[in-house]
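Okay, thanks for making time, everyone. I'd like to walk you through one structure today, so have a look at it first and then we'll go round it together.

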Amino acid sequence: MIPAKISLLTIGAYDVAVLRRFYLGLGWAETEISSDDYAVFKTAGVLLSIYPLKSMLEDAGLELSETPGTFKGVTLSLNVTEAAQVDNVMSQIRDKGGKILKEPHDAVWGGRTGHFMDPENNLWEVAWNPTGVFNEYGAMIDF
């Protein structure tokens with residue numbers, strides 16, 4: 001049986017240094033291995049790494065798109081424990097240079113959500129789910 005877990009999420013970056021500065025500006029803690037060539041941030045659920053997109057694609061045997069900022073088909077989610085936190089987080093994201101796509105709003109599914117993109121247009125959702133369950137480390141374990 002393969003364990004059902006995600007331990008590391010990697011964003012393929014056109015410019016690692018730019019994304020690293022953005023996430024540092026959010027106040028996120030890095031691991032000691034981080035540099036402008038490769039960065040790893042500690043989060044409640046998984047480690048978030050930023051790795052050169054060209055190297056990532058070469059490792060996988062794929063072609064590099066020359067169009068930075070195209071949607072990559074992945075949404076990263078930052079889930080919070082209270083509805084008001086969505087507004088607070090999105091305000092801070094705006095102040096740090098994130099591109100707000102959709103302002104915080106009450107979602108049809110009963111929660112609260114907003115969307116933004118980081119400097120390389122990686123799509124993020126900030127969400128509060130009224131049925132979300134978090135462990136003692138702040139990781140979302142169910143909803």
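Let me start with a term I'll need straight away: a pocket here is an open set of grid points with protein on both sides within 12 Å along at least five of seven lines, and its lining residues are those with an atom within 4 Å of a point. Also, keep in mind that this is a predicted model.

So, the pocket. Which residues lie nearest the centre of the largest pocket? They are T43, G45, S77, L78 and N79, and in total 33 residues line that pocket. The elements giving two or more residues to the lining are β4 (75–80), α3 (83–95), β7 (123–128) and β9 (140–142). The largest share, six residues, comes from β4. As for volume, we're at about 1000 Å³. And what's the lining made of? By class, you get 19 nonpolar, 11 polar and three charged residues.

Now, hold on to α3, since we've just met that helix in the lining. Which of its residues are buried? V86, V89, M90 and I93 are. Seen down the helix axis, the buried residues of α3 fall within an arc of 100°, so they line one face of the helix. Flip to the other side of α3 and you find A84 and D95, both exposed. What covers the buried residues includes β4, β5 (99–106), β6 (112–117) and β7. Just past the helix, α3 is followed by G97, with a positive phi near 100°.

There's another positive phi to show you. Most residues other than glycine have a negative phi. N121, though, is not a glycine, and its phi is near 65°. You'll find N121 in the loop between β6 and β7. Buried or exposed, this N121? It's buried, with a relative accessible area of 14%; the cut-off for buried is under 20%.

On to the aromatics. A pair of aromatic rings is described by the distance of the centres and the angle of the planes. Searching the whole structure turns up seven aromatic pairs. Take W28 and W124: they're edge-to-face, 5.8 Å centre to centre, with 75° between the planes. Why point at this one? W28 sits in the loop between α1 (16–25) and β2 (39–41), while W124 is in strand β7, so the pair ties together parts that are 96 residues apart in sequence. W124 has 6% relative accessibility, so it counts as buried.

The next pair is Y38 and Y51, also edge-to-face. Here the centres are 5.7 Å apart and the planes are at 85°. Y38 lies in the loop between α1 and β2, and Y51 in strand β3 (residues 47–52), so this pair ties together parts 13 residues apart in sequence. Y38 is partly exposed at 23% relative accessible area, and Y51 counts as partly exposed too, at 25%.

If you follow the ring pairs around, they link F22, Y23, W28, F41, F116 and W124 into a cluster.

One last stop, Y14. This tyrosine is in the loop between β1 (8–13) and α1, and at 33% relative accessibility it counts as partly exposed. Y14 and K42 are 28 residues apart in sequence, and 21 Å apart in space, C-alpha to C-alpha.

That's my tour, thanks for listening.

Key: Residues numbered from 1 in each chain as written. Predicted model: local features only at pLDDT ≥ 70, side-chain atom pairs only at ≥ 80, totals over all residues. Heavy atoms only, no water. 1 Å grid on protein atoms, 1.4 Å probe; cavity = no way out; pocket = protein on both sides within 12 Å on 5 of 7 lines; lining within 4 Å. Points joined across faces, edges and corners; volume = space filled by probe spheres on them. Helix = DSSP H or I, 4+ residues; strand = E, 2+ residues; numbered from the N terminus. Nonpolar A, V, L, I, M, F, W, Y, C, P; charged D, E, K, R; others polar. Phe/Tyr/Trp six-rings, centres within 6.5 Å; stacked < 30°, edge-to-face > 60°. Buried < 20%, exposed > 50% of the residue type's maximum accessible area, 1.4 Å probe, protein only. Arc of directions from axis to C-beta. Contact = heavy atoms within 4.5 Å.
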